[in-house]
Amino acid sequence: MNAEVFFSIVIMAIGITIVAIKRDLMVKLIGVGIMETGVTLSFVVLGYNGKLPPLLTLPVERVDPLPQALIITSIVVGFAISALSLVFVLYLSSVYHTTDAVKLKKRIKKDER
Amino acid sequence: MSADILLSPVLLAAFFGTIRVFTRKRWLMWFEIILISTCVSYILFFQSPATFVVGEWSSAVGVEVRYDSTSFWFILSLLTVWVSVKARFERWDSFMDSLMDYLFASLYALFISNDLFNMYVTIELTSLISFLMVGYGKNPARIWAALKYMFLSSIALAFYLFGTILLYSETGVLSIGALQNEKLSAFALMFVVMALLVKSGIFGLSAWLIDVHSMSETPVSMLLSGVAVNAGLFGMVRIYPLLPQRLKEFVVIVGLFSAFGGGIYAFFEKKPKRVLAFSTTSQMGIAVALLSLSPLASALYAFAHSSAKSLLFSRNGKFSTMIGALSLIGIPPLAGYFAKMNFEEAFPTLSLLVVFLTSMYLVKLFKGLKWKFSPFEFLLEGVLLSSCFFMPFGGASIFKILIVATGGATAGFLIWKKAALPPLKDVFGLEEGIAYQLWALVIMVFVMIV
């Protein structure tokens, strides 16, 4: 395993740790974003082989364009999901005036009864 | 078979889903149901298995599409559940109606895909539509459930992507047909398997499932518990032949653990919808464990489970609940029996224990229901019944299953009559959801590497 892939795994681990430890929903969302950035980094790093960019057609040896095309798709999907979850957090905070996960859980359970 | 016919249901469903946002004409919806079901039934019953690349690219660059016998069962279950939900709740909500169409389109596209990245996109689309369907209606409890689902799902799918790029950097291909000839590293496959296990509703890993399926409205939980959990399972079905022997054993053990853990938690639960949600984790565990026999057995089990579970989740009268419960336990001549026969072949003793457990917790569902018949559920019941015409019956196991099921039902009834047991505590952090689950996931990853 090369150093760049190891580095992207470390970034993913940082993201997961933030999601698991922090109580604030906004911070948790930022953690998910950091984790997705780690995945993006691994795509870019593994697609790059020290050659010329794929747009130039003259040289025979080029960087593989497929991983970059794939990661664009997944960045867009990730953006859609994070926007939707921000809307959900916004609604919950407008009802309960807090973004703390533990408090929210308690109050939602209380309301159900 | 041409690519146009196979891909046409995706386009049709997406087109009608967009149209439904603007108009609320009833004839349009019936026209859509008839058109799509005709088209899909034509594909299911008149087309032979085929593999091809969309747009006639070479398979190294293009997206590979594959229709085979496992896809047949998944698409059949999707069609029956979707048509019955859509026909029964026709006057419900036009926005939700178009979401149902999009869900159909993305699930159909998943069930014919044979490409790692295409599977990622369709699974992500399916989950995005599920979030919207669960959170729609501004109920805080539902939004909270959807949010928990979102966190776990996006982390799982990031894992999936990471595994995908590792596999691509080793082999240079993404289509599963081409990957079968290559030697793959267990490290990369493990990430993909972890993500698919989280998505397929395995007990302990899928903390989101119980809240999402039990909180949401009836048609939504019918669709989610009936067909949307099949998304992760379908990924497992496609990935499983690629795995090394050790990972295969690991997957089967996780499935069996889920079958028993989900059943035990379901028995101690009080609300009927929560019982059904735990039951989903238990049944999906069986379907994952059945992969050790053959992918087709797992697909058949998923088919039997989805029709029965959507019947049970509709909670509409004793008759439909009884048919669903009998099929879930595995009483002949319903479809569940033929699916359970494979399970009995693979794990003779464990399967009888699971039948006992299933009948124990399903007894509780009949409390407070009336005898009622609904015309749109006859489709699901008919599908469950009709499989007895083209499946072989096994001999002696019928009596074993009947005796064990009767014993289990009596035991469950008596225990609940005598003692009011409280629900079990969340040892696995099922309620807390995010924190415990992720730690379990990370620890499992480390164990697998070592």
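Which helix of chain B does Ser221(B) lie in? Before selecting anything, keep in mind that the structure on screen is a predicted model. Now pick Ser221(B), and you will find yourself in helix 10 of chain B, which covers residues 218-228.

**First stop: Ser221(B) and its surroundings**

With Ser221(B) still selected, notice that this residue counts as buried, since its relative accessibility is 0%. If you set aside the neighbours within four places in sequence, the residues in contact with Ser221(B) are His213(B), Ser216(B), Gly226(B), Lys273(B) and Phe313(B), and showing their side chains gives you a view of its surroundings.

**Second stop: the nonpolar core**

Next, select Phe104(B), Tyr108(B), Met133(B), Leu147(B), Tyr160(B) and Ile239(B), which have the most contacts inside the largest nonpolar core, a set of 191 residues. Colouring helix 6 of chain B is a useful next step, because the largest share of this core, 22 residues, comes from that helix. In soluble globular proteins, nonpolar side chains tend to be buried together. Take Met133(B) as one example to look at in detail: apart from its neighbours within four places in sequence, Met133(B) is in contact with Met96(B), Leu99(B), Met100(B), Leu103(B), Val220(B) and Leu223(B).

**Third stop: salt bridges**

Over all chains, the count of salt bridges comes to 12. Select Asp101(B) and Lys86(B), which form one of these, with their closest N and O atoms 2.7 Å apart. Asp101(B) belongs to helix 4 (residues 94-111) of chain B while Lys86(B) belongs to helix 3 (residues 69-88), so the pair ties together parts that are 15 residues apart in sequence. Asp101(B) is buried, with a relative accessible area of 0%, and Lys86(B) is buried as well, with a value of 0%. You can widen the selection to Arg20(B), Glu32(B), Lys86(B), Asp97(B) and Asp101(B), which are linked in a network of salt bridges.

From there, move to Asp211(B) and Lys148(B), whose side chains meet in a salt bridge at 3.0 Å, N to O. Asp211(B) is found in helix 9 (residues 208-215) of chain B and Lys148(B) in helix 6 of that chain, so this pair ties together parts that are 63 residues apart in sequence. Both Asp211(B) and Lys148(B) are buried.

A further pair to select is Arg274(B) with Glu269(B), where a salt bridge brings the closest N and O atoms to 3.3 Å. Arg274(B) counts as buried at 15% relative accessibility, and Glu269(B) counts as buried at 9%.

**Fourth stop: Gln283(B)**

Is Gln283(B) buried or exposed? Select it in helix 13 (residues 272-289) of chain B, and you will see that Gln283(B) is buried, with a relative accessible area of 1%. Not counting residues up to four places away in sequence, Gln283(B) touches Tyr301(B), His305(B), Lys309(B), Leu328(B), Thr358(B) and Tyr361(B).

**Fifth stop: two loop residues**

Now look at two residues that have a positive phi although they are not glycines: Lys138(B), at about 60 degrees, and Arg315(B), at about 50 degrees. Lys138(B) sits in the loop between helix 5 (116-135) and helix 6 (140-171) of chain B, and this residue is exposed, with a relative accessible area of 57%. Arg315(B) lies in the loop between helix 14 (295-314) and helix 15 (318-329) of chain B, where it counts as partly exposed at 23% relative accessibility.

**Last stop: chain A and its interface**

Finally, select chain A, which has four helices and zero strands, and in which buried residues make up 35% of the 113 residues. Where chain A meets chain B, 42 residues of chain A are in contact with 38 residues of chain B. The two chains bury about 3700 Å² between them, 85% of it on carbon and sulfur atoms. On the chain A side, Ile81(A), Phe88(A) and Tyr91(A) lose the most area to chain B, together 16% of what that side buries. How many salt bridges cross the interface of chain A and chain B? The rule finds zero, and it finds one residue pair in polar contact there. Helix 3 of chain A gives the most to the side that touches chain B, with 15 residues, and the residues of that side divide into 30 nonpolar, six polar and six charged.

Note on methods
Residues numbered from 1 in each chain as written. Chains lettered and ligands numbered in written order. Predicted model: local features only at pLDDT ≥ 70, side-chain atom pairs only at ≥ 80, totals over all residues. Heavy atoms only, no water. Helix = DSSP H or I, 4+ residues; strand = E, 2+ residues; numbered from the N terminus. Buried < 20%, exposed > 50% of the residue type's maximum accessible area, 1.4 Å probe, protein only. Core = buried A, V, L, I, M, F, W, Y, C linked by side-chain atoms within 4.5 Å. Contact = heavy atoms within 4.5 Å. Buried area = accessible area lost by both parts, 1.4 Å probe. Salt bridge = Lys/Arg side-chain N within 4 Å of Asp/Glu carboxyl O. Polar contact = N/O pair within 3.5 Å; in protein donor to acceptor, adjacent residues only side chain to side chain. Nonpolar A, V, L, I, M, F, W, Y, C, P; charged D, E, K, R; others polar.
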